[in-house]
Amino acid sequence: TDNHEIRQICPEAFQTLISFIYSDSMNFHHVNDVGKLIELYHASNQYEILECKKKLFERFSSLELDRTIFGQILSLLGKL
């Protein structure tokens, strides 16, 4: 058996992504860690899980972040 290790995402973020794949209705409002949200966005982009990306973008929009920080996040997400 060929084992593949996924290193680009922390186990908790990966578990959240897998839950989303199977339920397709995950609400990301419980995730307040911006770094974890970015990891989730990166993984959903890497695996082309478009609905997850959309929900994560909505979550970023709902966070009360400084405009500069929000702009930096949007810029980063655009590069992923």
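**Close-up views of a four-helix chain**

The accessible surface of the chain comes to about 5,600 Å², and carbon and sulfur atoms account for 49% of this surface. The model shown here is a predicted one.

**View 1. The whole chain is built from helices, with zero strands.** The secondary structure of the chain consists of four helices, and the order of elements, read from the N terminus, is α-α-α-α. Of the 80 residues in the chain, 30% count as buried. When contacts in the chain with a separation of 6 or more are considered, 61% of them join residues that are 24 or more positions apart.

**View 2. The largest nonpolar core holds 19 residues.** Within this core, the residues that touch the most other members are Phe28, Leu37, Cys52, Leu56 and Phe60. Each of the helices H1, H2 (34-46), H3 (50-62) and H4 (67-79) supplies at least two residues of the core, and the largest share, five residues, comes from H2. As background for this view, nonpolar side chains tend to be buried together in soluble globular proteins. Leu37 can be followed further through its own contacts: leaving aside neighbours within four places in sequence, Leu37 is in contact with Phe28, Val31, Leu56, Arg59, Phe60 and Leu63.

**View 3. Helices H2 and H3 pack against each other with their axes 9 Å apart.** The angle between H2 and H3 is about 155 degrees, and because angles over 145 degrees count as roughly antiparallel, the two helices H2 and H3 are described as roughly antiparallel to each other. The crossing in which H2 passes H3 is left-handed. On the H2 side, the residues that take part are Val34, Leu37, Ile38, Leu40, Tyr41, Ser44 and Asn45, and they meet Cys52, Lys53, Leu56, Arg59 and Phe60 on the H3 side.

**View 4. Helices H1 and H2 pack at an angle of about 55 degrees.** Here too an axis separation can be given, and for H1 and H2 it is 9 Å. Because an angle that is neither under 35 degrees, nor over 145, nor from 65 to 115 counts as oblique, H1 and H2 are oblique to each other. H1 passes H2 in a right-handed crossing. Glu12, Ala13, Thr16 and Leu17 are the residues in H1 that meet Lys36, Glu39, Leu40, Ala43 and Ser44 in H2.

**View 5. Thr16 and Glu12 both belong to helix H1.** The helix H1 covers residues 11-23. Thr16 has a relative accessibility of 14% and therefore counts as buried, since buried means under 20% relative accessible area. Leaving aside neighbours within four places in sequence, Thr16 is in contact with Met26, Phe28 and Leu40. Glu12, in contrast, is partly exposed, with a relative accessible area of 47%. Glu12 and Leu40 are 28 residues apart in sequence, and their C-alpha atoms are 9.6 Å apart in space.

**View 6. His42 is found in helix H2.** The relative accessible area of His42 is 29%, so this residue is partly exposed. His42 and Ile9 are 33 residues apart along the chain, while the separation between their C-alpha atoms is 8.4 Å.

**View 7. Glu48 lies in the loop between H2 and H3.** The phi angle of Glu48 is near 55 degrees, which is a positive value in a residue other than glycine. This can be set beside the general pattern, in which most residues other than glycine have a negative phi. With a relative accessibility of 66%, Glu48 counts as exposed, because exposed means over 50% relative accessible area.

Notes. Residues numbered from 1 in each chain as written. Predicted model: local features only at pLDDT ≥ 70, side-chain atom pairs only at ≥ 80, totals over all residues. Heavy atoms only, no water. Buried < 20%, exposed > 50% of the residue type's maximum accessible area, 1.4 Å probe, protein only. Contact = heavy atoms within 4.5 Å. Areas by Shrake-Rupley, 256 points an atom, 1.4 Å probe, with all protein chains shown as cover. Core = buried A, V, L, I, M, F, W, Y, C linked by side-chain atoms within 4.5 Å. Axes fitted to C-alpha atoms, helices over the stretch in contact; angles between N-to-C directions. Left-handed = near helix turned anticlockwise from the far one by under 90°.
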